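Me: Could you walk me through the charged contacts and the pocket in this one? I'd like the reasoning along with the values.

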Amino acid sequence: GLVSGTPTGTDIGELSFNATVSNGKYQKTKQLQIPVYQQSVLKDLSKTTGEIQSYFYGSASVGGSRNTITFDGGSLPNGVSFTPHDGWFEISGTPEEDGTFTFYVRASMVENNTVITTNVKEYTVTIVAPAASITPNKLPDMQKGQSWSAKISCDDFYAYRANWSISSGSLPAGVTMTVNSGNYCELSGKPPTAGTYQFVVK
């Protein structure tokens, strides 16, 4: 005989039933057991976005019983690590790079060294750089024919990373930009003529 189907109830574990074979004259009954397991189901990650140099923590639970959770490939940002637990996992740490990172997690139920159920889920985490804050908001006034200078800086996070430029408008004649380090630049010179000048530093 054949016993088949898809369990739809909530019973998990050993299910017992009696099987009877009869030829009309004789019959024999035997008790049989069928193990029923809950499928390993990986849930969504609790957090999927973060910023460089800001602590990141995300976790996800696993539906099912007696699951073994493993990292199954892909990549995490530098500074962030994967830690499995009983029925859930976490990724945590301080990201050292930005970008989009895809990794895979496998949940498997193992019984007597045999994999009974297994499931792999793809996860994606996006790490971004924080918005730059540029100071000062207003530059000191220039005077015709007089030496003038102003320092413009951004957050220390961007040290050795920032590329400074004049994105629109133009500096007054005689005034130039000097990049002294990644996180600040200096405008200096002697404007030969008076006037109002508008420009955007990027």
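Here is a short back-and-forth on the salt bridges and the largest pocket of this predicted model.

Me: How many salt bridges does the structure hold?
Reply: The cut-off to keep in mind is a Lys or Arg side-chain nitrogen within 4 Å of an Asp or Glu carboxyl oxygen. Going by that, D44 pairs with K121, R106 with D72, and K138 with D141. So the number of salt bridges, counted with that 4 Å limit, comes out like this: the structure holds three.

Me: Which elements hold R106 and D72, and how many residues apart are they in sequence?
Reply: The closest N and O atoms of R106 and D72 are 3.3 Å apart, and the two form a salt bridge. R106 sits in strand 9 (residues 99-111), while D72 belongs to strand 6 (residues 67-74). The bridge therefore ties together parts of the chain whose separation in sequence is 34 residues.

Me: Is R106 buried or exposed, or something in between?
Reply: Buried needs under 20% relative accessible area and exposed needs over 50%. R106 comes in at 27%, and its partner D72 at 33%. Since 27% falls between those two limits, R106 counts as partly exposed.

Me: Where do D44 and K121 sit, and how many residues apart are they?
Reply: Their side chains meet in a salt bridge, 3.3 Å from N to O. D44 is in the loop between strand 3 (41-42) and strand 4 (49-51), and K121 is in strand 10 (residues 114-128). That pair links distant parts of the chain, with a spacing of 77 residues.

Me: Which of D44 and K121 counts as exposed?
Reply: The bar for exposed is over 50% relative accessible area. K121 has 23%, so that residue is partly exposed. At 60%, the residue that clears the bar is D44.

Me: What about the salt bridge of K138: what is the N to O distance?
Reply: K138 is exposed, and D141 is too. Their side chains meet in a salt bridge, with an N to O distance of 3.8 Å.

Me: Which strand gives the largest share of the lining of the largest pocket?
Reply: The pocket has a volume of about 450 Å³, and 22 residues line it, with L139, P140, M142, Y197 and F199 nearest its centre. The elements giving two or more residues to that lining are strand 11 (148-153) and strand 15 (199-201). The largest share is three residues, and it comes from strand 15.

Me: How many nonpolar residues does that lining have?
Reply: Split the lining of the largest pocket by class and you get five polar and three charged residues. The nonpolar count is 14.

Key. Residues are numbered from 1 along each chain as its sequence is written. This is a predicted model: local features need pLDDT of at least 70, side-chain atom pairs count only at pLDDT 80 or more; totals for chains, interfaces and linings use all residues. Side-chain values use heavy atoms; hydrogens and water are left out. Helices (H or I, at least four residues) and strands (E, at least two) are DSSP runs, numbered from the N terminus. Buried means under 20% relative accessible area, exposed over 50%, partly exposed in between (1.4 Å probe, protein chains only). On a 1 Å grid over the protein atoms alone, a cavity is a set of points where a 1.4 Å probe fits but cannot get out, and a pocket is an open set with protein on both sides within 12 Å along at least five of seven lines; lining residues have an atom within 4 Å of a point. Grid points are joined across faces, edges and corners, and a volume is the space filled by probe spheres set on the points. Ala, Val, Leu, Ile, Met, Phe, Trp, Tyr, Cys and Pro count as nonpolar, Asp, Glu, Lys and Arg as charged, and the others, Gly among them, as polar.
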